[in-house]
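Me: Please take a close look at a single part of this model, a loop residue and its backbone, and then relate it to the other local features that deserve attention. A connected account in formal terms would be appreciated.

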Amino acid sequence: MQDRTSSSDIAVSTLPGQVVLVLQGGGALGSYQAGVYQALHEASIEPDWIIGTSIGAINASLIAGNTREARLGRLREFWKRVEQNPLFHFHEALEAFTERLSAWSAVAHGIGGFFAPNPIAHVGESFPLGADRAGYYSTAPLQATLEELVDFDLASRGRPRLSVGAAHVQTSQMRYFDTRHCALSVKHVMASGALPPAFPAVRIDGELYWDGGVLSNTPTEAVFDDNPRRDSLIFSVHLWNSHGPEPATMADVFNRQKDIQYSSRIATQIARQDQIHRLRHVIKELAARLPEAARDDPRVRELMSYGCQTRMHIVRLQAPQLKSETHTKDIDFTAAGIAARWNAGYAHTKEVLARAPWVGEFDPLAGVIFHE
């Protein structure tokens, strides 16, 4: 993991609105997000709002639940605790086998500080475990880790604002627990990361929740649905590749299938939001051309309320596919895997900040501007 001295690479005054950090779910791939935050931190760009799902919610809580000075240290501490140290180290040519061995170890023994096997789950599929324990692993180690590394009282103050997405088990509805509306606890973050069937659902206010990635693994829609909307610079951090080559082996099939499943149709979501937001801009422009008398009509005012002049710049940061990567990449907690992804997130974000693609002239009717 790279360590750099602080430097302001970009003037904060050039930012086109509130800074929003959107963090996907993806297990071990989430170290890329830590690298992204490190680059933003060193450029003195602190998020006003962090929205996370699963590992994204965990990283988000580590940032929001610590003072600015402590955030990078807490992120490093978390990723060090979940780091897996294999008993055997193979030559670089056998990297794929090293990753596979690491995956087998994680499946069999869990990950320290994160999850541990729940042996009773293997008694039989119909064995009555109870709704709060129905998972192949216990996440009690994660609860202990987060309670030590995150100050949830501080996180709940909403500076930065924190939202974590979870799926309501009984209704299949997505819910964002948001510090604007309620205090968040370790249970909210754990609910956001309770991916079935590995992890049991987490009960909040009597209701069971699973990992938000089951419904929306890239929770950008929360920014567009916010009320009132604000001009925003959204760093949307992607862990799964929405584009990839045709699979030629079964290993390729498993890997590509997982990427497609968890990339969450983000391109379609962005295209739809672009259309909706452009219409909001059109309504605003048309309303400005109406005579003042017409604008005073209550029915016209109601129609005008659908207009909006806010602009959303979305910067997409994509985690790379490592050379030896397989479909078990999300449980690749090896030191090498964590470091490679952290460093990639850092380098990608530094490059984007140097370009500052949100600076310039844009179509006045464009409400959503997408930057690869």
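Reply: Ser44 is partly exposed, because its relative accessibility of 32% falls between the limits of 20% for buried and 50% for exposed. The model is a predicted one. Ser44 belongs to the loop that runs between helix 1 (31–42) and strand 2 (49–52). Its backbone has a positive phi of about 60°, although Ser44 is not a glycine. Most residues other than glycine have a negative phi.

Ala356 also has a positive phi without being a glycine, with a value near 45°. This alanine is found in the loop between helix 13 (335–355) and strand 11 (368–371). Ala356 is buried, at a relative accessible area of 13%.

The backbone account continues with peptide bonds. Most peptide bonds are trans. The bond from Arg159 to Pro160, however, is cis, with omega near 5°, and Pro160 is placed in the loop between helix 6 (152–155) and strand 5 (161–168). A cis peptide bond also joins Pro196 and Pro197, where omega is about 0°. Pro197 sits in the loop between helix 7 (186–192) and strand 7 (202–204).

Pro197 leads on to Tyr136, since Pro197 is among the residues that Tyr136 contacts beyond its neighbours within four places in sequence; the others are Pro117, Asn118, Ala121, His122 and Ala198. Tyr136 lies in the loop between strand 3 (116–117) and strand 4 (137–138) and is partly exposed, with a relative accessible area of 34%.

Another loop residue, Thr310, is located between helix 12 (298–304) and strand 10 (312–318). Thr310 counts as buried at 10% relative accessibility. Setting aside neighbours within four places in sequence, its contacts are Arg229, Arg230, Asp231, His277, His281 and Gly367.

Turning to side-chain rings, the structure contains 12 aromatic pairs. One of them joins Phe177 and Tyr209 in an edge-to-face arrangement, with 5.1 Å centre to centre and 75° between the planes. Phe177 belongs to strand 6 (residues 174–178) and Tyr209 to strand 8 (residues 207–211), so the pair ties together parts that are 32 residues apart in sequence. Both partners are buried: Phe177 has a relative accessible area of 1%, and Tyr209 has one of 3%. Elsewhere, Phe78, Trp79, Phe114, Phe115, Tyr137, Phe199 and Phe333 form one aromatic cluster. Arg161 lies over the face of Trp49, 3.7 Å from the ring centre.

Two members of the cluster, Phe78 and Trp79, recur in the packing of helices. The axes of helix 2 (residues 55–64) and helix 3 (residues 68–81) come within 8 Å and cross at roughly 140°, which makes helix 2 oblique to helix 3. On the side of helix 2, the contact is made by Ile55, Ile58, Asn59, Leu62 and Ile63, while helix 3 contributes Arg71, Arg74, Leu75, Phe78 and Trp79. These contact residues divide into 7 nonpolar, 1 polar and 2 charged.

Terms used:
Residues numbered from 1 in each chain as written. Predicted model: local features only at pLDDT ≥ 70, side-chain atom pairs only at ≥ 80, totals over all residues. Heavy atoms only, no water. Phe/Tyr/Trp six-rings, centres within 6.5 Å; stacked < 30°, edge-to-face > 60°. Helix = DSSP H or I, 4+ residues; strand = E, 2+ residues; numbered from the N terminus. Buried < 20%, exposed > 50% of the residue type's maximum accessible area, 1.4 Å probe, protein only. Lys NZ or Arg CZ within 6 Å of the ring centre and 35° of its normal. Axes fitted to C-alpha atoms, helices over the stretch in contact; angles between N-to-C directions. Parallel < 35°, antiparallel > 145°, perpendicular 65-115°, else oblique. Contact = heavy atoms within 4.5 Å. Nonpolar A, V, L, I, M, F, W, Y, C, P; charged D, E, K, R; others polar.
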